[in-house]
Amino acid sequence: MSDPTWNAPPPPDAPSLDLSADAMRAATELCTRWAIDHIASLHAQPSWDLDGAGEVAAGFREPPPEHGAPLETLLQRFAGAVEKSFNTAGPGYLAYIPGGGLYPAALADYLSLAVNRYVGVWNAAPALAAIESAAIEWLRSLVGYPAGARGILTSGGSMSNWIGLVTARRNRLDDDFARAVIYVSEDTHHSMHKAAVLAGFPAGRVREVGVDARRRMRVDALATAIRADRAAGLQPFLAVASAGTTNTGAIDPVPAIADLCVQYDLWLHVDAAYGGFFRLVPAGETLLPGLERADSLVLDPHKGLFLPYGTGCLLVRDPEALRRAHAFRAGYLQDLEHPEEGDSFADISPELSREFRGLRVWLPLALFGAAAFRANLAEKLALARWAYEELRRTPGCECLDEPQLSVVAFRFVPRRGDANTFNRRIQQRVNGYRRVYLSSTTFDGAFVLRFCILSFRTHGREVAMAVEDVRRAAREVADGEPLEPLPRPG
Ligand SMILES: Cc1ncc(COP(=O)(O)O)c(C=O)c1O
């Protein structure tokens with residue numbers, strides 16, 4: 001007797017989610033045309049525009065569509081959302097730490113998402129994983145970190161700081177970290193505090209060491225804190241040095257901190273997310289000494305290499321340390337085990353499935369070559385120095401320090417009235433002109449303005465405009481009178 005179901009046909013196909021070759025070409029052309037027009041007009045766009053942003057945002061609060069809409073309509077909606085934002089990719093963006101957005105990185109993402117290969121495990125795509133390893137190796141070599149170190153690409157500095165801290169904890173303390181203490185400075189990026197808490201350390205075990213007049217970690221204060229904690233029966237475990245703070249670009253004295261770490265057996269983590277790539281400029285090693293002594297080093301290609309947001313890197317000197325912290329086995333992965341030929345990123349990082357990040361680092365470096373990055377980074381340092389000289393010659397303006405990297409922090413001292421209110425109003429006015437965009441910070445209760453010059457699109461024209469706008473705003477706030485409207489860039 002034959003089985004009546006034996007010859008039953010398979011269930012029917014669902015409607016295809018693949019586009020035809022012509023439809024793909026048309027859709028891609030539509031998107032690239034829009035993106036290229038957008039990028040070509042960046043210099044003429046306002047430095048920010050949030051007018052009516054709430055309504056545009058509210059328009060996206062809707063149930064999931066049961067049936068699709070044409071790409072033209074969706075692209076228009078997306079373009080409307082882009083318009084209502086800080087123009088972080090524009091040349092006038094001098095706020096926080098600007099991210100880059102080199103176009104070849106977008107092409108790299110397009111290609112890697114289009115092929116959608118899996119690179120988390122070496123033997124699933126050995127040559128693609130090799131591209132990512134090569135990109136990491138290039139970053140290591142460019143900043144002069146020791147050969148033999150291992151690294152991973154992350155989504156940014158916060159993730160790198162967190163993974164670095166967990167790696168240090170797993171290697172130095174294992175599960176017993178009840179008495180461990182972490183040392184940061186007053187100006188260490190807050191992602192380090194967050195990392196400590198996420199990694200299970202009580203917030204009270206993060207010691208904020210004081211800074212000197214140039215806002216660099218005080219090594220004497222660090223030594224005092226370590227000794228006091230030891231005497232109290234605690235376990236000094238990790239010190240964080242910043243190679244370029246977010247606030248002012250201050251460079252902590254890494255070599256002296258490294259000496260203390262050796263003396264007291266601490267793991268040295270260097271957060272060079274902002275400053276690390278300034279090692280590429282001539283005399284970069286003198287500018288940023290001691291990075292090679294870090295046990296773990298954070299670099300953000302989405303800052304100093306001008307790549308798009310979502311591109312971070314963590315390097316660790318002991319090549320086995322990342323594996324000790326991250327390698328786990330599972331039966332369903334048994335087919336993927338492989339000899340020690342190349343790095344399986346899944347074994348040395350927290351992620352298993354993720355996009356292929358390597359291409360967006362590799363392609364721009366391979367296309368432009370390191371010299372182009374060196375020249376652009378040197379230009380940013382020169383622009384910061386120029387802005388500093390201009391601002392300190394501006395009546396009523398005082399700079400906190402000469403720039404150590406590409407941040408210039410300054411404030412005005414008004415003849416009368418509250419200085420913080422005065423400076424806040426200057427910031428509001430400058431941003432109100434919409435030619436450049438500035439953010440502020442606070443030191444010891446003082447409201448401080450800052451330029452952070454890091455976008456590859458920011459050149460002398462924009463920095464001159466920023467200085468002009470600050471001077472004009474200071475006069476307007478002091479006199480209470482708006483001056484003639486400023487010409488829009490374009
Ligand atoms: C010194 C430093 N560390 C860490 C971070 C956090 O990086 P991300 O914003 O990429 O998470 C920043 C961000 O500006 C930073 O400047």
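How many bridges pair strand 8 and strand 9, and in which sense, parallel or antiparallel? To find out, select strand 8 and residues 407-412, which make up strand 9. The two strands pair over three bridges, in the antiparallel sense. Keep in mind throughout that this is a predicted model.

**The four-stranded sheet**

Stay with this pair and select Cys-399. Its opposite number in strand 9 is Phe-410. Now widen the selection to the whole sheet. Four strands make an open sheet with antiparallel pairing, in the order 8-9-11-10. At the edges are strand 8, residues 397-399, and strand 10, residues 439-443, each of which pairs on one side only. Look along the sheet to judge its twist: ignoring direction, neighbouring strands are turned by 40° against each other on average.

Next, add residues 419-433. This is helix 16, which packs on the sheet. Helix 16 touches strand 9, strand 10 and strand 11, the last of these being residues 446-452. The direction of helix 16 makes about 30° with that of strand 11.

**The seven-stranded sheet**

Move on to the other sheet listed here. Seven strands form an open sheet with mixed pairing, and their order is 1-7-6-5-4-2-3. Select 150-154 for strand 1 and 206-209 for strand 3, the two strands at the edges. Each has a single partner strand, so one side of each is left without a neighbour in the sheet. From one strand to the next, the twist averages 20°.

Within this sheet, pick out strand 4 (residues 235-242) and strand 5 (residues 267-272). They run parallel and are joined by five bridges. For a single pair to display, take Ala-241, whose bridge partner in strand 5 is Val-270.

Then show helix 6, residues 157-172. Helix 6 lies across strand 1, strand 2 (180-185), strand 4, strand 5, strand 6 (296-299) and strand 7 (312-316). Relative to strand 5, helix 6 runs at about 175°.

**The ligand**

Keep helix 6 on display and centre on the ligand. Which residues are closest to the ligand? They are Gly-157, Ser-158, Thr-246, Asp-271 and His-302, out of 15 residues that surround it. Helix 6 gives the largest share of this shell, three residues. Helix 11, residues 301-304, also supplies at least two. By type, the shell holds three nonpolar, nine polar and three charged residues.

Three side chains are worth labelling with distances:

- Ser-158: a polar side-chain atom lies 2.6 Å from an oxygen atom of the ligand.
- Thr-246: an N or O atom in the side chain is 2.8 Å from an oxygen atom of the ligand.
- Asp-271: an N or O atom in the side chain is 2.6 Å from a nitrogen atom of the ligand.

Finish with a surface view. On its own the ligand has 380 Å² of accessible area, and the protein covers 84% of this.

Technical notes: Residues are numbered from 1 along each chain as its sequence is written. This is a predicted model: local features need pLDDT of at least 70, side-chain atom pairs count only at pLDDT 80 or more; totals for chains, interfaces and linings use all residues. Side-chain values use heavy atoms; hydrogens and water are left out. A residue is near a molecule or strand if one of its heavy atoms lies within 4 Å of it. A polar contact is a pair of N or O atoms within 3.5 Å; within protein, one must be able to donate a hydrogen and the other to accept it, and residues adjacent in sequence count only if both atoms are side-chain atoms. Accessible areas come from the Shrake-Rupley method with a 1.4 Å probe; for residues, only the protein chains shown count as cover. Ala, Val, Leu, Ile, Met, Phe, Trp, Tyr, Cys and Pro count as nonpolar, Asp, Glu, Lys and Arg as charged, and the others, Gly among them, as polar. Two strands pair if DSSP finds at least two bridges between them. Axes are lines fitted to C-alpha atoms, for helices over the stretch in contact, and angles run from 0 to 180 degrees between N-to-C directions. Contact means heavy atoms within 4.5 Å.
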